[in-house]
Amino acid sequence: MPIDKETAARTALRLLEEDGLDRLTVRRVASALGVQAPALYWHFADKRALLDQIVDVMLAPAAMELGRPGPGEPWWTWLERSLGALRRALLAHRDGARVAAGADVTRAVAMGAFAERVTEVLHAAGFGLADASRAAGALVHFVVGRTLEEQSRPALEEEARAVADAGFPFPVLAAALRERHEAGITPDEDFAYSLMIMLTGLRALRDRSV
C-alpha cells in the first residue's frame, strides 16, 4: 500500500509518544510502516522534514480553531488565549516542544498558521506589518521555548530536593524556588505570568506609538 506523508507522520507520532524523540528514527518509522527507509526518503529529505510533518499533525487541531478576536475582545486577551492553545497542543505530546523547535513553517504549516494569524491580529491592532511579524515570531518562539523548558524540567519534588541541598550553587534562586514551591505555584501559572510580561511590553509599545 502506498505510504503518504500524513500516515507516516501519524506513525512517527505514535512512536514518539512511546519512546521519545531520542529513539525516533526514519528507519524505525519505516519498519513500523512495513517499508524500507528509502520509501520514506521519497517523501522526507531528512529527519527534520519528518519532524516538521509531525509538528503539523500535532498542531493542526489547534490551528483549525484559531479565530480572530471576538466583538469587544482586546487583542492581548486573544493572544493570551491563542498562545495558551499552542502551549497545550505541544504539551499534549511527549517531547512536543523539542520536535517543534526549529520547525520549518513551510512544512509545519499549522505552526505557520499561528504566526500568520498572530501577525494579522497585531497588524489590525495598529502595529506596522513588519513589527507585527517580528512580535509574532517572538511570541511563537517564546511559547515553544518555554514549553520545551517545562517538558524538560525535573518533577517538582525532585527540584525541591535539589534547591534544599546546601550544595546548590545559587542561593537567591534556591530561596526563590522554595518560595514558589511553598506557594504552590503551578506550571500553568508560571506560563501565564511569563506571557503577561511579554504582552504588557507589547501593549506599552502599542500605546507609545499612538
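**View 1. Contacts across the predicted chain.** Take contacts, meaning heavy atoms within 4.5 Å, between residues at least 6 apart in sequence: 71% of those in the protein join residues at least 24 apart. This is a predicted model, where local features need pLDDT of at least 70, side-chain atom pairs count only at pLDDT 80 or more, and totals for chains, interfaces and linings use all residues. Residues are numbered from 1 along each chain as its sequence is written, and side-chain values use heavy atoms, with hydrogens and water left out.

**View 2. Helices and the box around them.** The protein has eleven helices and zero strands, with helices being DSSP runs of H or I with at least four residues and strands E runs of at least two, numbered from the N terminus. Along the principal axes, the C-alpha atoms fill a box of roughly 55 × 50 × 25 Å.

**View 3. Inside and outside.** Out of 210 residues, 40% are buried, that is, under 20% relative accessible area, while exposed is over 50% and partly exposed in between (1.4 Å probe, protein chains only). The protein exposes about 11,700 Å², and carbon and sulfur atoms supply 57% of that; the areas come from the Shrake-Rupley method with a 1.4 Å probe.

**View 4. A nonpolar patch with Ile197.** Tyr193, Met196 and Ile197 make up a nonpolar surface patch, together about 330 Å² of accessible area. Patch residues have over 30% relative accessible area and no salt bridge (Lys or Arg side-chain nitrogen within 4 Å of an Asp or Glu carboxyl oxygen), with nonpolar side chains joined within 5 Å and like charges within 9 Å. Ile197 sits in helix α11 (residues 187-209) and is partly exposed, at 49% relative accessible area.
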